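Reader: I am new to this structure and would like a close look at a single part of it, the place where the chains meet. Please go slowly and explain each term as it comes up.

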Protein chains: 2
Amino acid sequence: MNKPPEKAPPDPGVRERLLASAIDCFDRKGYAACSVREIVEAAGVTKPVLYYHYGSKEGIFNALMRQAMDQFDELLERASHSEGSARDRIEKLFGEVFDLFKRSIPLVRVMNSIYYGPPQGVPRGDADRVHFAFQEWVKKRLVEGRNAGEFKIAKTEDAMWALIGALNVATELELCHPDLALTQKDLQRVVGVVFDGIASEEGRAPRRAAKRR
Amino acid sequence: MNKPPEKAPPDPGVRERLLASAIDCFDRKGYAACSVREIVEAAGVTKPVLYYHYGSKEGIFNALMRQAMDQFDELLERASHSEGSARDRIEKLFGEVFDLFKRSIPLVRVMNSIYYGPPQGVPRGDADRVHFAFQEWVKKRLVEGRNAGEFKIAKTEDAMWALIGALNVATELELCHPDLALTQKDLQRVVGVVFDGIASEEGRAPRRAAKRR
DNA sequence: CCTTACCTACCTACCGGTAAGTATATTCGC
DNA sequence: GCGAATATACTTACCGGTAGGTAGGTAAGG
């Protein structure tokens, strides 16, 4: 990270450098074990600069979370306009979510540790909202697929949890063992096991290849 | 927590009180955001007592992890002597693991946050070993079930991840939303969706009720 | 002149860990 | 059996360092 020239004009990249430095630090140590001093040093500025731009240590954390939520919201928004069979649409969204996660591993690791783990002094923010939105989206597709004769489902929530579990397990393997991580093809096969479990007779037709973007 | 009488004979319960206090604090705030001072105050002793018994802050954390690993090892050991169809055995172990987790939520929450999240200054310890042992166990049962004609599996790992995903998603819901947590029956049904996805024709016989202990 | 962006120096509080000591129980040597 | 030595379990007071945050100031741009 380059240190800006002393007393030069305002540095347009400070905010971004602080964010990058913060997520790197939070990912390596967790929120509570990261000091503001370390974050600003890596960004090449002084401590009050962080307070100037983000208000507090928690402020910069919230900015990172907001960034992540916005990206996820966009994905969901696009997915609500997608077309195809229920299965295809779910597979497509799962593939895109998995891609997004793979591109944002440090952020995902930090977010998950706050959502499923101890709070460490920061609130969960909007995490509940996006989790529930995702669950609702999947459930809606399952209901549509059942109504269209694609699935035979006794209880929608069961199928939803089985599907989300498949996506989560792939994500978590990426978090704890990047060397053993599943590929997109792997994920689609694991999700495919779940789909096989809910497929109706007509839904058991030979499986299409999952569409990629 | 009762404070021991001043200058009384050695207190036999100090170690346990410290452990209970530590897991409570780690669960509420995470490892790094918990201070030794807070842990010992809640246990009704002074700081050097923790260092006397456990050597360091990390020492008491490791003692907690060891406890958890031991419990899990016992479960796996017992499960390797269980009998029944592959599916029954997997369902039984999953039910017992889920029960153990439900009885140890604070510990599970802390362990997961270290395993899947940023390290926070403590090593992962034996977590890899138990995760891999569990995966191996499930995989073995799947192979047995396939060889016995119970399952029709293209790739064992896919089915394993789908099953473990189902167990994990139930566990994680417990961690982040105890108010919405799945019951044992819920879990068995979610796992059942996965089993439906790998069942062979004969394996599609009407499902037995999962045995409870 | 005002606003924006940043700096140096500092604040209070607290961190993990330790030194030196005390109290009690047990063991050892006589 | 008795006193000294040792082991165990705990205390008060302290160490050096650092945590998040702030006061007061300067420089550049509009």
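Author: The copies meet through the same surface, because 100% of the interface residues of chain B are also interface residues in chain A. This is a predicted model, in which local features need pLDDT of at least 70 and side-chain atom pairs count only at pLDDT 80 or more, while totals for chains, interfaces and linings use all residues; side-chain values use heavy atoms, with hydrogens and water left out. Residues are numbered from 1 along each chain as its sequence is written, and chains are lettered from A and ligands numbered from 1 in the order in which they are written.

The geometry comes next. Two copies of a chain are related by a rotation about an axis and a shift along it. Here, chain B is superposed on chain A by a rotation of 180° with 0.0 Å of shift along its axis, at an RMSD of 0.0 Å (a least-squares fit on the C-alpha atoms of residues with pLDDT of at least 70 in both copies). That is the relation of a two-fold axis, and in chain B the C-alpha nearest this axis belongs to B:G197, 1.7 Å from it.

As for the extent of the meeting, 44 residues of chain B are in contact with 44 residues of chain A, contact meaning heavy atoms within 4.5 Å. The two chains bury about 3,400 Å² between them, and 67% of that is on carbon and sulfur atoms; buried area is the accessible area, taken with a 1.4 Å probe, that two parts lose on being put together, summed over both. In chain B, the residues that lose the most area to chain A are B:Y116, B:P118 and B:W161, which together make up 18% of what that side buries.

Charged and polar pairs also cross between the chains. There are two salt bridges between chain B and chain A, a salt bridge being a side-chain nitrogen of Lys or Arg within 4 Å of a carboxyl oxygen of Asp or Glu. A:D158 forms a salt bridge with B:R189, and their closest N and O atoms are 2.6 Å apart. Eight residue pairs, both residues at pLDDT 80 or more, are in polar contact between the two chains (a pair of N or O atoms within 3.5 Å; within protein, one must be able to donate a hydrogen and the other to accept it, and residues adjacent in sequence count only if both atoms are side-chain atoms).

The side of chain B that touches chain A draws at least two residues from each of α1 (14-29), α6 (105-115), α7 (127-147), α8 (156-176) and α9 (184-198) of chain B; helices (H or I, at least four residues) and strands (E, at least two) are DSSP runs numbered from the N terminus. Helix α8(B) gives the most to this side, with twelve residues. By class, this side of chain B holds 23 nonpolar, eight polar and 13 charged residues, where Ala, Val, Leu, Ile, Met, Phe, Trp, Tyr, Cys and Pro count as nonpolar, Asp, Glu, Lys and Arg as charged, and the others, Gly among them, as polar.

One residue that reaches across is B:Q120, which sits in the loop between α6 and α7 of chain B. With a relative accessible area of 3%, B:Q120 is buried (buried means under 20% relative accessible area, exposed over 50%, and partly exposed in between, with a 1.4 Å probe and protein chains only). Leaving aside neighbours within four places in sequence, B:Q120 is in contact with A:K29, A:G30, A:A33 and A:Q120 in the other chain, and with B:G30, B:Y31, B:A32, B:S113 and B:I114 in its own. A polar atom of the side chain of B:Q120 lies 3.3 Å from the backbone nitrogen of B:Y31, and one lies 3.1 Å from the backbone nitrogen of B:A32.

Two of the helices named above are also joined inside chain B. B:R109 and B:D27 form a salt bridge, with their closest N and O atoms 2.7 Å apart, and this pair links distant parts of the chain, B:R109 being in helix α6 and B:D27 in helix α1, 82 residues apart. Both ends of the pair count as buried, B:R109 at a relative accessible area of 12% and B:D27 at 13%.

Helix α8 of chain B also holds B:A170, which counts as buried at 0% relative accessibility. Apart from residues up to four places away in sequence, B:A170 touches B:F98, B:L182 and B:L187.
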